[in-house]
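Work through the exercises below with the sequence and the model at hand. Each task is followed by a stepwise solution.

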Amino acid sequence: MTTVDPQLVAQPALPARRRSGAFRRLLRRPLGVSALAALLAIVALGLLEPVLSIHDPNFADLAFANAAPGTPDWPLGGDRFGRDIWARSLAAINVSVISGLIGAGTGLVLGTVFGLISGYIGRRVDGVLSWTFNLLMTFPALVLVIVLYPVTGGTYQSMMFIFGVFLAPGIFRLVRNLVVGVRSELYVDAARVSGLSDPRILSRHVLYIIRGPIIISAAFLASAAVGVQAGLAFLGLGSNQVPSFGSMTSDAFINIYSQPVQLVWPSLFLSLLIGSLVLLGNAYRDVLAAPQGASSSSSRRRRPGEKAAAVDARMDRDDTSTPTLSAPTLSTTSPATPAGGLLRVRELRVEYPQPDDTLRAVVDGVSFDVAQGEIVGLVGESGSGKTQTAFSILGLLPPQARISANELSIAGENVIDSHRTALRKLRGSVIAYIPQEPMANLDPSFTVGSQLVEGLTSRMSRKEATATILELLARVGIPDPMRTFKSYPHEISGGMAQRALIAGAVAGRPKLLIADEPTTALDVTVQAEILDLLRDLQSEYGMGVLLVTHNFGVVADLCDRVLVMRNGVVVESGAVREIFRNPQHEYTQKLISSILDEDTVRTDLPVTAKDEG
Amino acid sequence: MISFILRRLGAGIILIFVVTTITFVLTYGANIPVARNILGPSATEAQVAALTSQLGLDRPLIEQYGSWISGLFQGDLGTSYFSSQPVAAAMGDRLPVTLSIVVLASILTLVISTVLGVASAVRGGALDAALQAITVIAYVFPGLVLGIVLVYVFAISLHWVPAIGFTPIEESVSGWFASSILPAVVLAIGGIAALAAQVRGSVIDELGRDYVRTLRSRDVSEGSILFKHVLRNAAGPAFTTFSLQFVSMFGAALFIERIFALPGYGTYAFTSTIAGDLPAMLGVTLFGVGLVVVVNLLVDLATGWLNPKARIS
């Protein structure tokens, strides 16, 4: 514990390097670079005001009142008092920029400082600060800014400061949540163990991570402050000696019937300023969210299919070393299953489109059968394609998946040509599904009973369906079926939830049950009970079962036959007894020995992440 | 449930108390020359001092606060220094105008955001692009500019609706609608941009959840999955966003009223602030915070109804 892997501590340098890259990538985006250019151009116009304008912004010459645009020395014309609109616009840019800086700055400083404190220091402080900022968030900020106007002395700077205070809660929440997330990261622990002080950790490590989101927020906060300053000035709050787009709009608004063109200039500049800020923030967010090659792809949430494809892509390299054994192995084992069994799969392929428009196969030519009354195990580690195989039989793959097969027959009917519609008709009645994580597979907003009943109502009355489900809840071993029926998912245990889902799956009297790691997420003591229940129900209903698992212990316990999958192909298959006695494939040997090393009850591989197959 | 409502109401009353107290201290303690403002520059110092003492502004701050609070408990918010109208009555006149446009804007926001958000989450493609475009436009063009453009196009050029003024709903429903719809649209556009994006994101998230796949495996119809299960689960975060949007719409209404010359709460807030009309300013604060408290309570109740985990018995 005393030595620290320098690699771990050095890790925060990575995001920093990435961020400088992010700025370069921002410049490569047309939207990003044009928004940045527009913003810089506007700010430059404001800074060059003394050079670019002839008149003082408050200088009025009634001879030029409502002068048309293009009048010599009055390039954008004069307003109703004869002031130079061009000069006023430039001065108003400066007022807007200062407003944005004060408003966003106040919000950012308060939000970041208290967010860091709240997220990093601990529970009690966090509780108080979170409560305070949540309260602040619900304040009607503009009402208070207006009411407190006399107190602020009427300068726009102090009004922006007050408004900035009300911008802080958003930043506070952002920073706090990011810090809470980062605090538990390994490299922060490592830094702490290596003796770095808290302030140093905060500034060196934590600030790196939160910099990107804060830059994005700064752009949005600044745009809000600029808009509010203009609005307040439009109302007439603030000194009339301070040129502002708001007061210019207000002056021009009086002339809307006679001189509508005067409204164009403040609106144009204000929209350009706010628009460039918002678009810049948007573009920067897109840059940070976009995938940046393999190194950072893990930071992005992927859909299951994409992940499976990525896993497959990583495994692709040693594809050549694993011979495709499915065809020869199958020919030796298929006599064991009667032709025209319950499920017949031939040369099943599941592919996902890749960013470079190629297709990546996650299931690559899988063939097998499940006979009526037979339990077939489908074994493999994460990314082997076993769950993808199961979901393609259920027709529950994500829409971007491409499925093809020589044959996909269920109860004698080949459905491969119209599998999406055909499988939908079979689901619930002919094929049923038991998921891996019972809690995530119940809708949290509805009672257990109501969502189980729903699938049955197309076939029977609601009353009959309720009776059926109550009966089945008792059958699967739930002590008080009525109570569980009326409970919400968060009110019951994981084991009860899995029993309820099993009841829901068998309620339609299916012929084929597909169980995807049905015991993985459960306590060890509950696992055995659920497996017993599955065996009982299987023999009672005479169902065929396809049991997807990574656990050879479960296979030994329950299955008649087993298929071992790796990298999307079946590497070995046969009767369970035979495979255990004489595993042919090196990979099967490895899977079996990894289990027999342990206590046979605790057979789960130390896999904590959800197995996406 | 009742204890939950009572507790939230209690917290709300504390919030109102805290905010009005802070406002009181800041405004009454700021030594705004109220009497001088009322009497004008030609009044003598003696006249100013007499009026100051008549208004009770020469008393210690704590004493003034005590009399304001005791008046509050009797439903008396004081009387405007300038118009001599009781503040509570003035609020009663002004709030319906503001609520008209804010409530209309809320309805527009909720309906359009749900339709757009769900449609773009499910269909994607052109609809999704349209939603993104609306979001960008709403953020890029300030409400001030948008309001002026709408007035110019629909009121001044096309004469479809009156440019200014307000018709109460009890006078004429169509007149009320014509005078409220433009300000409501301006308010709603910002809300729609924020809420539709939120609905879209939540619906996409929910559609990817495991329970959706399991419902499909039990032959539950796609319509029921989307409109019953997904929408209900997505509604919780959306309601939270909406409550924040409501607060900011209420704030934005203060500007919008000015563009459309509506005699509402915002106009009252503005005129009393400019004049330094202390009782009116406190009344404005009280009603503003009170409205936010009520809306947040309603949103909490809706969230509890939608999400059984958030329900407190």
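**Exercise 1: A surface patch on chain A**

A:Val109, A:Val113, A:Phe114, A:Ile117, A:Ile121 and A:Val125 make up a nonpolar surface patch whose accessible area together is about 460 Å². This is a predicted model, in which local features need pLDDT of at least 70 and side-chain atom pairs count only at pLDDT 80 or more, while totals for chains, interfaces and linings use all residues. Residues are numbered from 1 along each chain as written, chains are lettered from A in the order in which they are written, and side-chain values use heavy atoms without hydrogens or water.

Task: state which helix gives the most to the nonpolar patch, and classify A:Ile117 by its relative accessible area.

Solution.
1. Patch members have over 30% relative accessible area and no salt bridge (a side-chain nitrogen of Lys or Arg within 4 Å of a carboxyl oxygen of Asp or Glu); nonpolar side chains (Val, Leu, Ile, Met, Phe, Trp, Tyr) are joined within 5 Å and like charges within 9 Å. Areas are Shrake-Rupley values with a 1.4 Å probe, and for residues only the protein chains shown count as cover.
2. Helix α5 (residues 85-121) of chain A gives the most, with five residues. Helices are DSSP runs of H or I with at least four residues, strands are E runs of at least two, and both are numbered from the N terminus.
3. A:Ile117 lies in this helix, α5 of chain A.
4. Its relative accessible area is 30%, so A:Ile117 is partly exposed (buried is under 20%, exposed over 50%, partly exposed in between).

**Exercise 2: Domains and confidence in chain B**

Task: give the domain bounds of chain B, the separation of the domain centres and the elements with the lowest and highest mean pLDDT.

Solution.
1. Chain B splits into domain 1 (2-73) and domain 2 (96-263); the bounds come from an automatic or database assignment.
2. Taken over C-alpha atoms, the centres of domain 1 and domain 2 of chain B are 38 Å apart.
3. The average pLDDT of chain B is 84, and 98% of the residues score at least 70; pLDDT is the predictor's confidence in each residue, from 0 to 100.
4. Among the elements of chain B, helix α6 (residues 125-140) has the lowest mean, 78, and helix α9 (residues 210-217) the highest, 92.

**Exercise 3: A loop residue**

Task: locate B:Ile169 and decide whether B:Ile169 is buried, partly exposed or exposed.

Solution.
1. B:Ile169 sits in the loop between α7 (143-157) and α8 (173-207) of chain B.
2. B:Ile169 is partly exposed because its relative accessibility is 42%.
3. B:Pro96 is 73 residues away along the chain, with 9.4 Å between its C-alpha atom and that of B:Ile169.

Conventions:
Buried < 20%, exposed > 50% of the residue type's maximum accessible area, 1.4 Å probe, protein only.
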